[in-house]
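Grab your viewer and let's work through a few exercises together. Try each task on your own before you read its solution.

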Amino acid sequence: MRRQPQSSPHPLRGATPGPLYPVGGTGAGETILPVDNSVGVWTAREIAERVPDPELPVLSLADLGVLRDVRTGPDGRVLVTITPTYSGCPALDEMRADLRTRLAEAGYPDVEVRTVLHPPWTTDWISDAGRRKLAEHGIAPPNRIGPRPAGPVPLNLSPPPARVPCPRCGSPRTTELSRFSATACKALRRCEDCREPFEHMKEL
Amino acid sequence: MSFDNAYEAISESNDEQHWAFGTGFDDPLSDVDKTILSDVDRADLATYCLMLGDDALILSQRLAEWCSRAPELEEDVALANIALDLLGQARMLLTRAGEVEGAGRDEDALAYLRDEPDFRNVRLVELDCGPGPGGDFATTIARLLVFATWRLALMTHLTNSRDPVLSAIAAKAVKELAYHRDHAAQWTLRLAGGTDYSRERMTVALATIWPHLPELFTPHPTELRLAAMDIAVNPATLKSEVDSVIGQVLTAAALDPPATPPPAPVTNRTGRDGAHTEAMPPLLAELQHLARSLPGATW
């Protein structure tokens with residue numbers, strides 16, 4: 001799979017923070033603003049919205065739908081509220097650190113990052129732009145599920161139906177190879193036409 | 001890379017850039033609404049959080065033992081991902097337990113510095129179901145099927161808890177556990193429908209796990225007191241739902257539920273009382289060794 005240069009969740013990840021935007025993470029028709037870290041150019045919300053997700057750096061935290069709120073107090077203190085994707089998501093701490101780093105660079109040194117669990121995140125929180133960016137980077141986006149019915153979760157005894165077209169050639173003929181891929185949020189599939197394996201961000 | 005020495009990059013001075021799995025994580029409930037309802041007994045609530053947290057922590061440890069040893073690479077990744085989900089649930093529940101207890105114990109103190117009789121997990125999760133000598137992949141799948149089905153039912157009901165933290169943790173856990181249960185169910189079908197040999201191993205696996213089912217539905221007095229206040233779930237109420245789901249899987253796999261009797265009770269105490277099997281001490285030794293050998297170490 002093609003990866004962004006800064007995408008590897010490697011323990012020795014560069015000490016120098018990357019650019020304000022994920023390299024190549026913006027799609028056609030989107031304005032690529034120049035990187036300017038001088039104080040006061042961007043609002044805290046604009047900065048926070050553009051922080052890339054540590055595990056899926058083609059997406060910003062806003063695209064992923066984990067950024068719930070950004071408030072700036074009269075004293076310049078910034079309160080950011082985020083929510084975890086999965087209970088054990090190891091990226092949550094990285095997100096907090098990235099938010100603090102990026103906001104500090106942009107002139108907001110006093111940042112508090114809060115976590116909320118309710119309402120729980122689902123893949124339906126991923127924005128349309130986020131879905132497009134995932135597909136552009138070879139990751140099939142999750143289908144939208146809508147409101148979940150209350151009560152017991154029905155049992156699935158076979159892999160979910162192939163509603164996941166290949167993000168490379170568009171073929172609808174794809175097969176699930178593994179329900180769990182490199183991260184908990186993705187499954188591994190293969191296209192039966194172009195024969196390429198690809199990842200699918202599975203519905204949660 | 002902007003460092004000259006690899007050790008520099010993993011030193012404390014560069015902490016903000018770490019991709020770290022160890023100590024130094026923020027409290028996982030850092031700013032979640034931590035209201036404790038005024039009518040709730042704090043000791044009971046703390047104990048209940050320990051019970052549910054220990055179930056997840058201990059099974060997470062068992063599943064992690066498969067890392068690099070699963071039958072295929074995809075399964076290695078799958079079991080590790082399931083373990084990670086459970087570890088996340090455990091961290092939130094143990095943190096909540098420590099906060100409610102109010103004695104200054106955090107998730108690390110509860111995970112690493114408690115002795116065996118203080119662990120409140122059901123015994124099903126501590127059993128050696130492979131890759132150790134006590135089992136094999138089929139036994140691990142049989143245990144995961146039972147555990148995930150039971151915990152999914154429990155967490156589904158717990159979303160209605162009056163405790164805001166338990167309710168929020170449960171709502172997240174439900175989505176994860178549904179994947180775990182379906183994964184185990186699909187493997188049960190594959191093993192039962194594979195060769196005669198794989199079917200035999202799956203049959204033996206079910207017989208190994210089945211004696212530990214009754215404990216899952218035996219309520220502890222703490223659970224009953226909290227269930228009466230709509231804080232906890234009485235596990236006895238889950239039995240028909242769990243039996244029905246497992247029955248669906250076994251029917252699809254054309255397997256009969258084993259008729260193995262439960263083990264004789266040990267002075268009428270269960271894992272929820274801190275009475276564990278001989279599998280528990282070596283598990284805890286591995287889990288706690290580093291933290292106890294080097295008190296205060298960070299990694």
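What follows is a set of exercises with worked solutions, and the model they use is a predicted one.

**Exercise 1.** Take stock of chain A: how many helices and strands does it have, and in which pattern do they follow each other?

Solution. Start with the count: chain A has four helices and seven strands. Next, walk along the sequence, and the pattern reads α-α-β-β-α-β-α-β-β-β-β. Then look at burial: 41% of the 204 residues of chain A count as buried. Finish with the contacts: among those in chain A with a separation of 6 or more, 54% link residues 24 or more positions apart.

**Exercise 2.** Work out the strand order of the four-stranded open sheet in chain A, and say which strands sit at its edges.

Solution. Step one is the order, which is E4-E7-E6-E5 in chain A, with mixed pairing. Step two is the edges: strand E4 (139-140) and strand E5 (174-178) of chain A each pair on one side only.

Step three is to check the links one by one. E5(A) runs antiparallel to strand E6 (residues 186-191) of chain A, and four bridges join them. For a handy landmark, find A:Thr174, which stands opposite A:Cys191 in E6(A). Moving on, E6(A) pairs with strand E7 (residues 197-201) of chain A over five bridges, again in the antiparallel sense. Here the landmark is A:Arg190, opposite A:Pro197 in E7(A).

Last step, the turn: the hairpin of E6(A) and E7(A) has five residues between the strands, and A:Arg195 in this hairpin takes a positive phi near 65°.

**Exercise 3.** Over in chain B, decide how helix H3 (residues 73-101) and helix H6 (residues 164-192) are oriented to each other: roughly parallel or roughly antiparallel?

Solution. First get the geometry: H3(B) and H6(B) pack at an angle of about 165°, and their axes are 11 Å apart. Now apply the cut-off: angles over 145 degrees count as roughly antiparallel, so H3(B) and H6(B) are roughly antiparallel to each other. The crossing of the two helices, H3(B) and H6(B), is left-handed.

Then see who makes the contact. From H3(B), the residues include B:Ala78, B:Ile82, B:Met92 and B:Leu93, while H6(B) brings in, among others, B:Val165, B:Ile169, B:His180 and B:His183. Sorted by class, the contact of H3(B) with H6(B) has seven nonpolar, three polar and three charged residues.

**Exercise 4.** Hunt for cis peptide bonds: where in chains A and B do A:Pro119 and B:Pro131 lie?

Solution. In chain A, the bond from A:His118 to A:Pro119 is cis, with omega near -5°. A:Pro119 lies in the loop between strand E3 (111-115) and helix H4 (128-136) of chain A. In chain B, B:Gly130 and B:Pro131 are joined by a cis peptide bond with omega about 5°. B:Pro131 lies in the loop between helix H4 (107-112) and helix H5 (137-158) of chain B.

**Exercise 5.** B:Ser68 and B:Asp230 have a positive phi without being glycines. Are they buried or exposed?

Solution. Take B:Ser68 to begin with: its phi is about 75°, and its place is the loop between helix H2 (42-64) and H3 of chain B. The cut-off for exposed is 12 or fewer C-beta neighbours within 10 Å. B:Ser68 has 9 inside 10 Å, so B:Ser68 counts as exposed.

Now B:Asp230, with phi about 60°, in the loop between helix H9 (221-228) and helix H10 (239-252) of chain B. B:Asp230 has 12 C-beta neighbours inside 10 Å, so B:Asp230 counts as exposed.

Conventions:
Residues numbered from 1 in each chain as written. Chains lettered and ligands numbered in written order. Predicted model: local features only at pLDDT ≥ 70, side-chain atom pairs only at ≥ 80, totals over all residues. Pairing = 2+ DSSP bridges. Buried ≥ 20, exposed ≤ 12 C-beta atoms within 10 Å, placed from the backbone. Contact = placed C-beta atoms within 7 Å. Axes fitted to C-alpha atoms, helices over the stretch in contact; angles between N-to-C directions. Parallel < 35°, antiparallel > 145°, perpendicular 65-115°, else oblique. Left-handed = near helix turned anticlockwise from the far one by under 90°. Nonpolar A, V, L, I, M, F, W, Y, C, P; charged D, E, K, R; others polar.
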